[in-house]
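Notebook open, coffee ready. Let me pull up the model and jot down what I look up.

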Amino acid sequence: WDNFSVPGIWEVKGYGTPIYVNQRYEWDYLIKPEPGVLPDTLNHVGLYRREVNIPQNWDKKQVYIHFGAVASNLYLWVNGKFVGYSEDSKLDTQFDITPYLKKGKNLISFQVYRWSDGKYVESQDFWRLSGVSRDVYLFARNQEHIDDIFVQAGLNNNYTDGVLKLNTEVK
């Protein structure tokens with residue numbers, strides 16, 4: 001194990017080699033690209049672990065973990081129990097980890113692979129870098145909360161009056 005800051009890119013910290021490609025896949029020198037199939041070699045894996053204490057004032061609240069961006073996928077466990085999977089190297093994802101938490105210390109661990117089958121839709125002109133490229137944090141919210149908001153703005157009466165439609169979903 002090594003102490004590795006998050007966010008942090010593996011290749012920048014000396015783990016692996018950055019790869020730059022434009023219109024081909026970054027592993028086509030290892031295998032012939034075939035969607036869904038990945039090379040068995042050089043598909044580096046990062047394992048992350050952190051113990052956290054959940055504050056007392058978070059009792060009876062929903063607790064979430066938020067990942068800003070992870071390349072290229074992640075498997076998440078809390079206290080040894082599998083929570084979920086996410087795959088997309090540039091989008092954020094979050095998990096409700098409330099059912100997996102206990103009072104006192106909690107162990108959050110996740111596993112990141114350099115390549116996943118999602119990389120088949122990411123063939124653009126950029127550096128291929130692995131790891132956690134944006135913030136990871138926990139947050140809590142009340143059981144009853146606004147879960148989704150849809151706002152639609154428009155005009156009527158020959159563009160003289162504004163109309164604002166607001167739709168909220170409360171959990």
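How much accessible surface does the protein have, and what share of it belongs to carbon and sulfur atoms? I got about 11100 Å², with 50% on carbon and sulfur atoms (Shrake-Rupley method, 1.4 Å probe; for residues, only the protein chains shown count as cover).

Note to self: this is a predicted model, where local features need pLDDT of at least 70, side-chain atom pairs count only at pLDDT 80 or more, and totals for chains, interfaces and linings use all residues. Residues are numbered from 1 along each chain as its sequence is written, and side-chain values use heavy atoms, leaving out hydrogens and water.

Next I checked the overall build. I found zero helices and 14 strands (DSSP runs numbered from the N terminus: helices are H or I, at least four residues; strands are E, at least two).

Then I looked at one sheet. It is open, with four strands in the order β3-β9-β6-β7 and antiparallel pairing (two strands pair if DSSP finds at least two bridges between them). At the edges sit β3 (45-53) and β7 (81-87), each pairing on one side only. Reminder from class: strands of a sheet pair through backbone hydrogen bonds, either parallel or antiparallel.

I zoomed in on one pair. Strand β6 (residues 73-78) runs antiparallel to β9 (residues 105-113), joined over six bridges. Leu74 has Val112 in β9 as its bridge partner.

Last, dimensions. The C-alpha atoms fill a box of roughly 60 × 55 × 25 Å along the principal axes. Of the 171 residues, 33% count as buried (under 20% relative accessible area; exposed is over 50%, partly exposed in between; 1.4 Å probe, protein chains only).
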